[in-house]
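Biologist: Let us go through this model and ask what backs each label. Keep the answers short.

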Amino acid sequence: MAPPPTGRRKPNILVTGTPGTGKTTTSSLLSDATEFRHINIGDLVKEKNLHDGWDDELECHIINEDLVCDELEDLMEQGGNIVDYHGCDFFPERWFDRVVVLQTDNSVLYDRLSNRGYMGSKLTSNIECEIFQVLLEEARSSYREDIVVPLVSNCVEDISKNVTTLSDWIRSWQPTS
Ligand SMILES: Nc1ncnc2c1ncn2[C@@H]1O[C@H](COP(=O)(O)OP(=O)(O)O)[C@@H](O)[C@H]1O
Ligand SMILES: [Mg+2]
C-alpha cells in the first residue's frame, strides 16, 4: 500500500532502541552527514521542562508525552528531522518516514552500560529490554511494517555503515505528494 501523502519536502527519521545501542552517536553523525536536525528527546525534555518530575526508581525524568508532541509538531511538519529516543509508541505515526531500531548483542551492551555507570536493576532491565526486543516490537506495533528497519550496532564499523545506509536513503527519498 502506498504511504499517505505528508506534504513534507524532506523525510523524518526516528532512531530508537534500548539505551546504549548507539542512538545518539548514530543520530549525531547522520545529522553531520545530512544537515538534518538531530532532536535528542531526553535532552529536549530536560531543557524545556517537558516532564512531570523525577522517577527515583528508574532514575530518569517522567516524560510528559503530550508536551513533547506539542513542542515538536511544527518542526516535524517541516521535515528534515532525526528524532532520537528509547521509546516510539507515543509519537504520531504520521510524523515518520523511517523508524530505525538499533540492536546490540547482549554482552556488548552489558559492557557499554556498565561503562556508563549503570548497575543493579537499571542495568538488568535494559539488558532484558534488548533480549526481548522490546523496542522492535513497539516499533512494529506503532508504525507500518515497511518503514521499520532494525540495524545492528555492535562495533564502530556498524556505526559508519548505518550512517551511510541512512544518508543514502535520505538522498533518494521522494515526497509522496
Ligand atoms: N556501534 C557501536 N560500536 C561501538 N561503540 C558504540 C556503538 N554505538 C554506541 N557506542 C558507544 O556506546 C555508548 C553509548 O552510545 P550512545 O550513542 O550514547 O547510545 P544511546 O544514545 O542509544 O543510549 C557511547 O560510549 C558510544 O560511543
Ligand atoms: Mg542517547
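Modeller: One definition to start. Ala, Val, Leu, Ile, Met, Phe, Trp, Tyr, Cys and Pro count as nonpolar, Asp, Glu, Lys and Arg as charged, and the others, Gly among them, as polar. By that scheme the shell around ligand 1 holds four nonpolar, eight polar and three charged residues. Bear in mind that the model is predicted.

Biologist: What makes a residue part of the shell around ligand 1?

Modeller: Its C-beta atom, placed from the backbone, must lie within 6 Å of the ligand. 15 residues surround ligand 1, and the closest are G22, K23, T24, T25 and S153. Two elements, α1 (23-34) and α7 (156-172), each give two or more residues to the shell.

Biologist: Why are β3 and β4 called a pair?

Modeller: Pairing takes at least two bridges found by DSSP. Strand β3 (residues 51-55) and strand β4 (residues 60-63) have three, in the antiparallel sense. They therefore count as paired. W54 has H61 in β4 as its bridge partner. The hairpin has four residues between the strands, and E59 takes a positive phi near 55°.

Biologist: How do you know that the radius of gyration of the chain agrees with a compact globule?

Modeller: For 177 residues, the globule rule gives a value near 16 Å. The chain has 16 Å, so the two agree. The C-alpha trace spans about 50 × 35 × 30 Å along its principal axes.

Biologist: What makes a residue count as buried?

Modeller: At least 20 other C-beta atoms must lie within 10 Å of its own. In the chain, 31% of the 177 residues count as buried.

Terms used: Residues numbered from 1 in each chain as written. Chains lettered and ligands numbered in written order. Predicted model: local features only at pLDDT ≥ 70, side-chain atom pairs only at ≥ 80, totals over all residues. Rg over C-alpha atoms; globule rule 2.2 N^0.38 Å. Buried ≥ 20, exposed ≤ 12 C-beta atoms within 10 Å, placed from the backbone.
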